[in-house]
Amino acid sequence: MNWITNYVRPTINSLFSRREVPENLWTKCSECGTMLFHRELSDNLQVCLNCNHHLAISPRERFNALFDAGTFAEVSVPEPVADPLHFRDQKRYPDRLKAAQKANNEREAMLVVEGEIGRTPVVAAAQNFAFMGGSMGMYVGNAIIAACERAVERRVPLILFAAAGGARMQEGILSLMQMPRTTVALAMLKEAGLPYICVLTHPTTGGVTASYAMLGDVQIAEPNALICFAGPRVIEQTIREKLPEGFQRAEYLLDHGMLDRVTHRKDMRDELITITRMLMGQPPAIHGELPAPDPADTPQAADEAQAAEAPAAEPDPKP
Ligand SMILES: [Zn+2]
């Protein structure tokens, strides 16, 4: 033992030892393969800085960017019956659900909130593709009904961000029943004369596109989002033909009259503000600060002017 082993080596080791590196600092773009730094990516709303590909974004992150000052309140969703079929594949359904809840830190595949965008009150719902493929089960059905009821109660528009792989197989026919249920809930909104704006994100597929995802008064999609009922591979195998370039992508659907707009995620907020205000019969949104009011125009100034004139017009009633 000498000072080298006792002092120098531990000091060198501590200087060069591996620091704890948090995982997931880098994300690989699924379209162009570029490695993207997580902070840059979240600053850019999860849009690839290299190729503009729109990566998945969690409902909470989306709402933070969407609502004024990132403020929103959650709308409570009634809890459905747990695992009615006692479904089991490689894992039991309740276990699979628990794992997804832990991984996403969310209760289920849809989040319903209310708040203001551009000072316009709205109810918004977003589906989380990371949560069991955003699959539509009983909870998602309940969430859409809760969102519609809340929108009708407050007389505000509903904005829904769809992302789904289809119905939740673990709930069997009960998941398919969410298609008519959500359709009826949206009809309630229509009867109340309130707008329903649907934003389709990558990917929106399966039963969702046979119900609420295609019933919007205005249908918007994010660029290059895959939107379909049956996927391109299934169709290709069935009809045994090569499908055209960009088939079932947002731009293709826009060209063929299935969508109203394809909007970049960065412009989505402004676009939604414009559309909701227009459909609610409100004046256009004000950008920036309002000009200072002219003192002569304020009601108070008018009252004062009247008060000053009053004695001249009406002489004091003297006995
Ligand atoms: Zn990319």
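This is a short selection-by-selection tour of the structure above.

**Before you start**

The model is predicted, so local features are described only where pLDDT is at least 70 and side-chain atom pairs count only at pLDDT 80 or more, while totals for chains, interfaces and linings use all residues. Residue numbers run from 1 along each chain as its sequence is written.

**The whole protein**

Colour by secondary structure. The protein has eleven helices and ten strands. Helices (H or I, at least four residues) and strands (E, at least two) are DSSP runs, numbered from the N terminus.

Now colour by burial. A residue is buried if 20 or more other C-beta atoms lie within 10 Å of its own, exposed if 12 or fewer, and partly exposed in between, with C-beta atoms placed from the backbone. Of the 319 residues, 34% count as buried.

Turn to contacts. Two residues are in contact if their C-beta atoms, placed from the backbone, lie within 7 Å. Among contacts with a separation of 6 or more, 66% join residues 24 or more positions apart.

**Stop 1: residues 29–51**

Select residues 29–51. An unreviewed UniProt entry annotates them as "zinc finger region: C4-type". UniProt positions are given in the numbering used here, feature names are shortened, and annotations may be inferred rather than shown by experiment. The span is 26% helix and 13% strand, and its end C-alpha atoms lie 9 Å apart.

Next, show C29, C32, C48 and C51 as sticks. The unreviewed UniProt entry marks these four as "binding site". They span 23 residues in sequence, yet no two of their C-alpha atoms are more than 8.7 Å apart, so they gather at one spot.

Centre on C32. It sits in the loop between β1 (26–28) and β2 (35–37). Is C32 buried or exposed? C32 is exposed, because 12 other C-beta atoms lie within 10 Å. Beyond its neighbours within four places in sequence, C32 contacts C48, N50, C51 and H53.

Move to C51. This residue is in the loop between α2 (38–43) and α3 (59–66). C51 also has its burial class: it counts as exposed, with 12 C-beta neighbours inside 10 Å. Leaving aside neighbours within four places in sequence, C51 is in contact with C29, E31 and C32.

**Stop 2: R265**

Select R265, in the loop between β10 (261–262) and α10 (268–279). R265 counts as buried, because it has 20 C-beta neighbours inside 10 Å. Not counting residues up to four places away in sequence, R265 touches L45, V47, H54 and E222. Measure to E222 in the viewer: the two are 43 residues apart in sequence, and their C-alpha atoms are 6.6 Å apart.

**Stop 3: strands β3 to β6**

Select β4 (110–117). Six of its eight residues are buried, so β4 is largely enclosed by the rest of the structure. Strands pair if DSSP finds at least two bridges between them. β3 (residues 72–74) joins β4 through three bridges, running antiparallel. Look for F72, whose bridge partner in β4 is G115.

On to β5 (120–127). β4 and β5 form an antiparallel pair with eight bridges. One to find is E116, with P121 as its partner in β5. Two residues lie between the strands of this hairpin, where G118 takes a positive phi near 55°. Six of the eight residues of β5 are buried, so β5 is also largely enclosed by the rest of the structure.

Add β6 (158–164). β5 and β6 run parallel and are joined by four bridges. Here A124 stands opposite I159.

**Stop 4: helix α5**

Select residues 138–154. Helix α5 has 17 residues, and its end C-alpha atoms are 24 Å apart, which agrees with the 24 Å expected at 1.5 Å a residue. The expected span is 1.5 Å times one less than the number of residues.

Show the buried residues of α5, including M138, Y139, V140 and I144. Their cover includes β4, β5, β6, α6 (172–176) and α7 (178–191). Just past the helix, R155 takes a positive phi of about 55°.

Finish with α7 beside α5. Their axes come within 9 Å and cross at roughly 5°. Axes are lines fitted to C-alpha atoms, for helices over the stretch in contact, and angles run from 0 to 180 degrees between N-to-C directions. The two helices are therefore roughly parallel. Angles under 35 degrees count as roughly parallel, over 145 as roughly antiparallel, 65 to 115 as roughly perpendicular and the rest as oblique. Residues making the contact include I145 and C148 of α5, and A185 and L189 of α7.
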